[in-house]
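Biologist: Could you walk me through reading this model? I'd like to start with where the chains meet.

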Protein chains: 2
Amino acid sequence: MTGYTKPKAVVLLSGGLDSTTVLAETAARGYQLYALTVAYGQRHAAEIAAAKRVARAFAVVEHRIAQASLDAFGGSALTDAALAVPEDGSTRTTIPITYVPARNTVLLALALAWAEVVGATDLFIGANAVDYSGYPDCRPPFLAAFEHLANVATKAGVEGARYRVHAPLLYLSKAEIIRRGVALGVDYGLTVSCYQADAEGRACGRCDSCRLRAAGFAAAGVPDPTHYQTG
Amino acid sequence: MTGYTKPKAVVLLSGGLDSTTVLAETAARGYQLYALTVAYGQRHAAEIAAAKRVARAFAVVEHRIAQASLDAFGGSALTDAALAVPEDGSTRTTIPITYVPARNTVLLALALAWAEVVGATDLFIGANAVDYSGYPDCRPPFLAAFEHLANVATKAGVEGARYRVHAPLLYLSKAEIIRRGVALGVDYGLTVSCYQADAEGRACGRCDSCRLRAAGFAAAGVPDPTHYQTG
């Protein structure tokens, strides 16, 4: 009897709603899960604790926490304590202050490094071009450019491996993401999306990420399992 | 009188011979210097002390030390304590064990992040396709792919800035690099290239990096200012 070995995938897991859904989707597609959480000095460090809970719930093969000091550079409300996280829920026409310069480039670079070491060629990321249309590194040209880069940047790539960057949530609304996750058995009570969650991972309920998440549960017709700081 | 502002460049500075020469070259081309050293868990941490000396010598505008835990992944003799650094000086036909998976992708990603924050669009890296021909991320297709990525990955790029990745040493031999640096006034006694330098930054004289460096000084006809552990 010939054994079938499931292919390996490196999944970027922040511990938030989107990346947790990606992890569930990657499992459903039959991959062995290598979950990578990058601690990049973001304010919402409670997400890292959430990532650990989620990785445990999905029985991943390995969960690594890598460091990348994007906070050393500043320039974003998510990594620079001097900039306020917006709570106005305003509709924007420009790239929001929560954009972290080159964040997804750094995240995918680290995912690629680990993928080459473990022999994975599939990278999964929760990029979304609907809610995060203002972020250049959530758009298809970026994902295509990184996929090309991966194939020329690595020993495996130049020796014939073909890396692929998967963004299964790219064109889904928040409600569609939630419905997909619920269908796959995700417990969203484990996840943290808030930009300014407290040490216990409880959400503020006011920041843009909280608003988007709450609206998503409402639109999906799914009870919101988020742990809030008040109420 | 209209003031002329020099353009800003982010220069990846390991503290070794090549990147120090790149810093001198970038200064000679009239850029304001933003030196970035990435501590990626490499064994040769003495290079970071060297990078600080070099940054000071060139009076850079800023020198940042960023963290990126490539050692969390292993897979290279430079980041994995379980793998021996080669000292055999053998000629190789395959990619050497000192290749660090996706290293230059991670380094340039961090350089790009900082560049976007400070408003620089020129990134300088000491990639070399002569001595490091075995490293895919020292080859022109990689550099071109990253340049393209930078322009679609960033807010500045999609808003019209044009990032450029410069590798001024790409086609130079070690001797040519040294001659260029000497002409620019570089004091190579400040630099550390050894893969297993001691805490004082003194070189082993045996690893491939030491052999390459020593041969370079000999070929350039320049006295070798390297501080060795013995002799």
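Biologist: How many residues does each chain bring to the contact?

Modeller: Two residues are in contact if their C-beta atoms, placed from the backbone, lie within 7 Å. Here chain A gives 37 residues and chain B gives 37 residues. This is a predicted model: local features need pLDDT of at least 70, side-chain atom pairs count only at pLDDT 80 or more, and totals for chains, interfaces and linings use all residues. Residues are numbered from 1 along each chain as its sequence is written, with chains lettered from A and ligands numbered from 1 in the order in which they are written.

Biologist: Which element of chain A gives the most to the side that touches chain B?

Modeller: Helices (DSSP H or I, at least four residues) and strands (E, at least two) are numbered from the N terminus. On that side, helix 3 of chain A leads with nine residues.

Biologist: And which residues are buried in helix 6 of chain B?

Modeller: An α-helix has 3.6 residues a turn, so residues three or four places apart point the same way. Buried means 20 or more other C-beta atoms within 10 Å of a residue's own (exposed is 12 or fewer, partly exposed in between; C-beta atoms are placed from the backbone). In helix 6 (residues 174-183) of chain B, that picks out Lys174(B), Ile177(B), Ile178(B) and Gly181(B). Their directions from the helix axis to the C-beta atoms fall within an arc of 95°, so they line one face of the helix.

Biologist: What covers them?

Modeller: The cover includes helix 1 (17-28) and helix 7 (208-220) of chain B. Just after helix 6 of chain B, Gly185(B) has a positive phi of about 85°.
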